[in-house]
Amino acid sequence: MKRIVVYVLFIMLFVSNTFGFLENSRAVKAYRAGEFKEALAQFESLLTQHPDDPELNYNAGKAAYKEQEYQAAVAYFSQAVKQSQLSDDFAVQAWFDLGNTYVKLKKWQEALESYEQVLKYNNAHKEAKDMIEKIKKLLEEQQQQQQQQQDNQQQDQDQQSDQQQQDNNNQAQ
């Protein structure tokens, strides 16, 4: 009797693992076929059973990114990079894709931080270095534009104040 129970459990485990593999395979096939919406749905279905699986989260992030669902992609990529058992290569790609997603959302500081994480794993990653340089330059230009706008506003206020003072002086005479 014990043998039968063990045998049945073994078969159930095998079938369960095979079914999970087939579903993952369907999701990957859909992604490779350019059916990103279907792939995302498949990966999301798998994530209900394995929410902490970094590979599933990463793949869901890739599919969401392709569907231009950038907020969802951020959530999936963020979950993928939280896993401590990531290989360096996987971590590099997940952080890099997270950075790219933040760029699409124009969240420059978050993108910069993601690309800097890439360099912690691989400090020779040229694309991450290039993106860091571009973002820093962009942030610097934005800061200069903001400063110029503030200077212009201050100059306008000063001119208005001077004009009011001059009008008051003219009325007093």
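I take contact to mean heavy atoms within 4.5 Å. With that in hand I looked up Ser78 in this predicted model, and, once its neighbours within four places in sequence are set aside, I find Ser78 in contact with Leu98 and Tyr102.

**Entry: Ser78 and helix H4**

I placed Ser78 in helix H4, which covers residues 70-81. Its relative accessibility is 18%, and because buried means under 20%, I count Ser78 as buried. Its two partners, Leu98 and Tyr102, are both listed among the buried residues of H5.

**Entry: the chain as a whole**

I then stepped back to the overall layout, where the protein chain has 7 helices and 0 strands, so that the order from the N terminus on reads α-α-α-α-α-α-α. Of the 173 residues in the protein chain, 29% are buried. The area that the chain exposes is about 12,200 Å², and carbon and sulfur atoms supply 48% of it. Looking at contacts with a separation of 6 or more, I noted that 44% of them join residues 24 or more positions apart.

**Entry: helix H2**

Which side of H2 holds its buried residues? I first checked the length of the helix: H2 runs over residues 36-49, and its 14 residues should span 20 Å at 1.5 Å a residue, which agrees with the 20 Å between its end C-alpha atoms. The buried residues of H2 are Phe36, Ala39, Leu40, Gln42, Phe43, Leu46 and Leu47. They cover an arc of only 165° around the axis, which puts them on the same side of H2. On the other side of H2 I found Lys37 and Thr48 exposed. As background to this pattern, an α-helix has 3.6 residues a turn, so residues three or four places apart point the same way.

**Entry: helix H5 and what follows**

H5 spans residues 88-104 and begins my next check with Asp88, which is found in this helix. Asp88 is partly exposed, with a relative accessible area of 46%, and its C-alpha lies 9.3 Å from that of Val118, although the two are 30 residues apart in sequence. The 17 residues of H5 reach 24 Å from the first C-alpha to the last, close to the 24 Å expected at 1.5 Å a residue. Its buried residues include Ala91, Val92, Trp95, Phe96 and Asp97.

After H5 comes Lys106, in the loop between H5 and helix H6 (108-121). I noted for Lys106 a positive phi of about 60°, although it is not a glycine, and a relative accessibility of 59%, which counts as exposed. Gln68 gave me another such entry, with a positive phi near 60° in a residue other than glycine. The place of Gln68 is in the loop between H3 and H4, and at 59% relative accessibility Gln68 counts as exposed. For context, most residues other than glycine have a negative phi.

**Entry: salt bridges**

How many salt bridges are there? My count comes to 2 salt bridges. In one, the side chains of Asp97 and Lys62 meet at 3.5 Å, N to O. Asp97 lies in helix H5 and Lys62 in helix H3 (residues 54-66), so the pair ties together parts that are 35 residues apart in sequence. Asp97 is buried, with a relative accessible area of 7%, whereas Lys62 is partly exposed, at 24%.

I also looked up Lys126 and Asp130, whose side chains meet in a salt bridge at 3.1 Å, N to O. Being 4 residues apart in helix H7 (residues 126-172), Lys126 and Asp130 are separated by about one helical turn. Here Lys126 counts as exposed, at 57% relative accessibility, while Asp130 is partly exposed, with a relative accessible area of 29%.

**Entry: aromatic pairs**

My search of the whole structure for ring pairs finds 5 aromatic pairs. One of them joins Tyr31 and Phe36 in an edge-to-face arrangement, with 5.1 Å centre to centre and 65° between the planes. Phe36 counts as buried, at 18% relative accessibility, and it belongs to the buried residues of H2 listed above. Elsewhere in my notes, ring pairs link Tyr58, Phe77 and Phe90 into a cluster.

How values were computed. Residues are numbered from 1 along each chain as its sequence is written. This is a predicted model: local features need pLDDT of at least 70, side-chain atom pairs count only at pLDDT 80 or more; totals for chains, interfaces and linings use all residues. Side-chain values use heavy atoms; hydrogens and water are left out. Helices (H or I, at least four residues) and strands (E, at least two) are DSSP runs, numbered from the N terminus. Buried means under 20% relative accessible area, exposed over 50%, partly exposed in between (1.4 Å probe, protein chains only). A salt bridge is a side-chain nitrogen of Lys or Arg within 4 Å of a carboxyl oxygen of Asp or Glu. Rings of Phe, Tyr and Trp (its six-membered ring) pair if their centres lie within 6.5 Å; planes under 30 degrees apart count as stacked, over 60 as edge-to-face and the rest as tilted. Accessible areas come from the Shrake-Rupley method with a 1.4 Å probe; for residues, only the protein chains shown count as cover. The expected span of a helix is 1.5 Å times one less than its number of residues. The arc is that of the directions from the helix axis to the C-beta atoms.
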